[in-house]
Amino acid sequence: MGNNQLDDIENSHVWETSPEFEKARKYYELGYEYESGNRLPYNMEKAIKCYRASAMLGYPPAQNGIGFLHATGRGAPLDESMAISWFTRAAEAGHSGAQLNLGVMYAEGRGAQKDETEAACCFYKAAMAGNCDAQEFLGQALESGLCGLSQDKEAAAFWYEQAAMSRSK
């Protein structure tokens with residue numbers, strides 16, 4: 001392992017134990033409470049403000065969430081290039097859901113030029129991180145030869161099995 005990888009691991013641990021991380025996590029959780037309406041009255045406007053504050057502090061689940069809001073136009077203006085930007089930030093931090101979402105955007109040419117190679121790379125990263133939806137999608141892509149991947153039934157079966165095991169955990 002090179003020094004850059006060690007530095008990344010150490011910096012990740014420092015970030016996850018920092019007061020900024022805790023603040024970002026709390027903003028995210030508060031946003032969820034406003035969005036769900038479970039413990040706080042439903043208020044999507046306040047939820048988005050909390051999610052944005054968390055995302056700006058660098059919290060990957062919030063970055064992925066803001067990306068999703070822009071990708072769908074639900075609670076935020078439909079802006080697929082903005083969605084790509086937020087998904088990329090979260091994906092670079094290792095958020096497997098963002099890696100999957102980024103892959104979908106590239107596969108469909110939403111917010112960026114269609115790029116099946118980049119899409120497959122994103123799906124693979126998410127699958128390797130244990131994201132069962134990405135594992136299943138990768139299995140489908142390999143079974144059918146989608147996303148520029150060669151058809152490979154054996155590899156597809158492997159990813160389907162991984163997805164089943166991930167779902168059963």
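How many residues does helix H7 have, and what does it reach from its first C-alpha to its last? I opened the notebook with that, keeping in mind that this is a predicted model.

**Entry 1: helix H7**

I found that H7 runs over residues 116-128, has 13 residues and reaches 18 Å from its first C-alpha to its last, which is close to the 18 Å expected at 1.5 Å a residue. I then listed the buried residues of H7, and they are Ala-119, Ala-120, Cys-122, Phe-123, Ala-126 and Ala-127. These residues cover an arc of only 160 degrees around the axis, so they sit on the same side of H7. The general geometry fits a reading of this kind: an α-helix has 3.6 residues a turn, so residues three or four places apart point the same way.

I next asked what the buried residues of H7 pack against. The partners turned out to be helix H6 (96-108), helix H8 (132-144) and helix H9 (153-168). On the face of H7 turned away from the buried side, I noted the exposed residues Thr-117 and Met-128.

I also looked at what surrounds the two ends of the helix. At the N-terminal end of H7, Asp-115 acts as a cap, with a side-chain oxygen 3.2 Å from the backbone nitrogen of Thr-117. After H7 comes Gly-130, whose phi is positive, near 95 degrees.

**Entry 2: Tyr-124 and the aromatic pairs**

Which residues is Tyr-124 in contact with, leaving aside its neighbours within four places in sequence? I recorded Leu-138 and Trp-159. Tyr-124 itself lies in helix H7, and I noted it as partly exposed, with a relative accessible area of 43%. I also checked its C-alpha against that of Gln-99, which is 25 residues away along the chain, and the two atoms are separated by 8.7 Å.

I then searched the whole structure for aromatic pairs and found six. One of them joins Tyr-124 and Trp-159 in an edge-to-face arrangement, at 6.2 Å centre to centre and with 80 degrees between the planes. Because Tyr-124 lies in helix H7 and Trp-159 in helix H9, this pair ties together parts that are 35 residues apart in sequence.

Is Trp-159 buried or exposed? I have it as buried, at 8% relative accessibility. The ring of Trp-159 also meets that of Phe-158, with the centres 5.0 Å apart and the planes at 80 degrees, so this pair too is edge-to-face. Phe-158, for its part, counts as partly exposed at 42% relative accessibility.

Elsewhere I noted one aromatic cluster, formed by Phe-21, Tyr-28, Tyr-51 and Tyr-59. I also looked at Trp-86, and found Arg-89 lying over the face of its ring, at 4.1 Å from the ring centre.

**Entry 3: Gly-139 in H8**

What does Gly-139 touch, not counting residues up to four places away in sequence? I listed Ala-156, Trp-159 and Tyr-160. Gly-139 is found in helix H8, and I recorded it as buried, with a relative accessible area of 0%. The C-alpha atoms of Gly-139 and Glu-161, which are 22 residues apart along the chain, are separated by 8.9 Å.

**Entry 4: helix H2 and Glu-33**

I turned to H2, which has 18 residues and reaches 26 Å from its first C-alpha to its last, close to the 26 Å expected at 1.5 Å a residue. Its buried residues are Phe-21, Ala-24, Gly-31, Glu-33 and Tyr-34. I followed up on Glu-33, whose place is in helix H2 (residues 19-36), and which I have as buried because its relative accessible area of 13% falls under 20%.

Which side chain does the side chain of Glu-33 make a polar contact with? I found that of Arg-39, at 3.2 Å. Not counting residues up to four places away in sequence, Glu-33 touches Asn-38, Arg-39 and Leu-40. Just after H2, I noted that Gly-37 takes a positive phi of about 70 degrees.

**Entry 5: Cys-147**

Last, I checked backbone angles again, given that most residues other than glycine have a negative phi. Cys-147 has a positive phi of about 55 degrees although it is not a glycine. I placed Cys-147 in the loop between H8 and H9, and at 10% relative accessibility I entered it as buried.

Conventions:
Residues numbered from 1 in each chain as written. Heavy atoms only, no water. Helix = DSSP H or I, 4+ residues; strand = E, 2+ residues; numbered from the N terminus. Expected span 1.5 Å × (residues − 1). Buried < 20%, exposed > 50% of the residue type's maximum accessible area, 1.4 Å probe, protein only. Arc of directions from axis to C-beta. Contact = heavy atoms within 4.5 Å. Polar contact = N/O pair within 3.5 Å; in protein donor to acceptor, adjacent residues only side chain to side chain. Phe/Tyr/Trp six-rings, centres within 6.5 Å; stacked < 30°, edge-to-face > 60°. Lys NZ or Arg CZ within 6 Å of the ring centre and 35° of its normal.
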